[in-house]
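Hi,

Here is the structure I said I would pass on. Have a look at it first, and then read on for what I found in it.

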Amino acid sequence: MKTVSTPTKIWLSSPHMGGTEQDYVKEAFDTNWIAPLGPNVNAFEQAIKEELGNTVHVAALSSGTAAIHLGLELLGVGKGDDVICQSFTFSASANPISYLGAQPVFVDSELDTWNMSPELLRKAIESGIKEGKKPKAIIAVHLYGMPYKVTEIKAIADEFQIPVLEDSAEALGSSYHEMPCGTFGDIGILSFNGNKIITTSGGGALVSKNRTYAEKAVFLATQARDEAPHYQHSNIGYNYRMSNVLAGIGRGQMEVLDDRVKARRSNHHYYKEQLGQFEEIEFLNEPNGYFSNRWLSCILTPSFEIREKLRLALLNENVESRPLWKPLHLQPIFSTAKHFVDGTSASLFERGLCLPSGSNLSNEDLERVVITIKTVLS
Ligand SMILES: *Cc1c(COP(=O)(O)O)cnc(C)c1O
């Protein structure tokens, strides 16, 4: 009997260590800084600050979700408030709205960047104001590393004087007209989860040009302790600070961030070169002035059926791919939330597929993905 061996698994986006991470982790052990503070946390924050052009203050936290939670609280979101959120995103963008007892109002995407539509954002705000309930904040997302329409979104936010929380979880290393993503919102957030462009296994950061926000984030993230010799509290606090051990991983990862962006962009370039001639496959191009880290390389097919054919063929080859994010207004948990949509993200979800995008994919891995797709299409 002939045995068929399974080819090795190709992951969608797996961690990729640079080599110096363990030195910093060892340093934490050697100096006994096994705590949610210490030299690695400080140095990691400094490295992020430099990466973002020294224009922001940084608070390293336990996750991107924690950063969004604190960010919304700092922007004054509370019980009963409406918060506008891009619908086409991961649920973690919106979950913290619910933690605070507020309600999400979902806004659909446009097709140039797949991010928040400025027209629908305006509609959502005007509708809220008409009903006597001005939205308290706007969560805009640089999905898959592609910057959202920063100028247009900011103009509307400024016009109505609503603060922006910039979800840059997927966009470290991306930029908009040469300015780094993470620096555009009143508050920005980053994620260092295991699947992101760099990782601390789990982790995040809150960044802001406003020093007070970053300082208050650290205060709230460390149980909101007032200055006193005993434990004194005038606020409800959280345990959201980043561990000094994990920040050691982050320090090492920051040293290779540029290489990681190059590798992911090169994956995207290869897919486009190899698959761009098929009329069934479309890519999201960078508009003028937009620079994406290409965290995930995504393709758009003409239909759900073709998308599924490709996904299943890849699965059969032990290649992990994934449909694009399911819009949050279509998620069961948010089915009763207000939404301003025109079908764009629903269609992207139906037709789109994320291909393996890790910075550690070999040429053979990439070829295997491409050959599988070509076999289905030809
Ligand atoms: C990963 C991610 C988050 C959450 O970050 P965690 O560090 O995993 O909590 C939030 N928003 C988006 C768009 C993400 O991709």
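Before the details, one definition: I call two strands paired if DSSP finds at least two bridges between them. With that in mind, isoleucine 189 stands opposite leucine 206 in E9. Please also keep in mind that this is a predicted model.

**The chain as a whole**

The chain has twelve helices and 14 strands. Its radius of gyration is 21 Å, close to the 21 Å that the globule rule gives for 378 residues, so the chain is as compact as a globular protein of that length. Along the principal axes, the C-alpha atoms fill a box of roughly 75 × 60 × 40 Å.

Of the 378 residues, 54% are buried. The chain exposes about 16,700 Å², and 51% of that comes from carbon and sulfur atoms. If you take the contacts between residues at least 6 apart in sequence, 73% of them join residues at least 24 apart. As for charge, there are 35 positive and 44 negative ones, and their mean positions are 3 Å apart.

**E1, E5, E8 and E9**

Which strands does E8 pair with? E5 (residues 164–167) is one of them: the two run parallel, with three bridges. Here leucine 165 has isoleucine 187 as its bridge partner in E8. E9 is another, this time antiparallel and over four bridges. That is where the pair of isoleucine 189 and leucine 206 from the start of this mail belongs: leucine 206 is in E9.

E9 (residues 204–208) also pairs with E1, antiparallel again, and five bridges join them. In that pairing histidine 57 stands opposite serine 208.

Are E1 and E8 buried or exposed? For E1 (residues 57–61), five of the five residues are buried, so the strand is largely enclosed by the rest of the structure. His57, Ala59 and Leu61 lie on one side, Val58 and Ala60 on the other, and both faces are covered. E8 (residues 187–191) is mostly covered too, with five of its five residues buried. On E8 the two covered faces are Ile187, Ile189 and Ser191 on one side, and Gly188 and Leu190 on the other.

**A small open sheet**

Elsewhere, three strands make an open sheet in the order E7-E6-E10, with antiparallel pairing. E7 (179–180) and E10 (290–291) are the edge strands, and each pairs on one side only. E6 (residues 175–176) is joined to E10 by two bridges, and serine 175 stands opposite phenylalanine 291 there.

The loop between E6 and E7 holds histidine 177. Have a look at its backbone: phi is near 45°, a positive value in a residue other than glycine. At 42% relative accessibility, histidine 177 counts as partly exposed.

**The loop between H7 and H8**

Glutamine 223 is another residue with a positive phi, about 75°, although it is not a glycine. You will find glutamine 223 in the loop between H7 (211–221) and H8 (244–254). Its relative accessible area is 37%, which makes it partly exposed.

Tyrosine 238 is found in that loop between H7 and H8 as well. Unlike a partly exposed residue, tyrosine 238 counts as buried, because its relative accessible area is 16% and the cut-off for buried is under 20%. What does tyrosine 238 touch, leaving aside neighbours within four places in sequence? The contacts are His69, Leu70, Glu73, Leu220, Ala221, Thr222 and Gln223, so glutamine 223 from the paragraph above is among them. By contrast, cysteine 354 is 35 Å from tyrosine 238, C-alpha to C-alpha, with their places 116 residues apart in sequence.

**Tryptophan 295**

Last, tryptophan 295, in the loop between E10 and E11 (297–300). With a relative accessible area of 2%, tryptophan 295 is buried. Not counting residues up to four places away in sequence, tryptophan 295 touches Ser13, Tyr144, Gly145, Glu170, Asn195, Lys196, Ile197, Arg264, Trp325 and Ser357. Isoleucine 187, the E8 residue that partners leucine 165, is 108 residues away along the chain, and its C-alpha atom is 21 Å from that of tryptophan 295.

Cheers

Methods: Residues are numbered from 1 along each chain as its sequence is written. This is a predicted model: local features need pLDDT of at least 70, side-chain atom pairs count only at pLDDT 80 or more; totals for chains, interfaces and linings use all residues. Side-chain values use heavy atoms; hydrogens and water are left out. The radius of gyration is taken over C-alpha atoms; the globule rule is 2.2 Å times the number of residues to the power 0.38. Buried means under 20% relative accessible area, exposed over 50%, partly exposed in between (1.4 Å probe, protein chains only). Contact means heavy atoms within 4.5 Å. Accessible areas come from the Shrake-Rupley method with a 1.4 Å probe; for residues, only the protein chains shown count as cover. Lys and Arg count as positive and Asp and Glu as negative; His and the chain ends are not counted. The place of a charge is taken as NZ of Lys, CZ of Arg, CG of Asp or CD of Glu.
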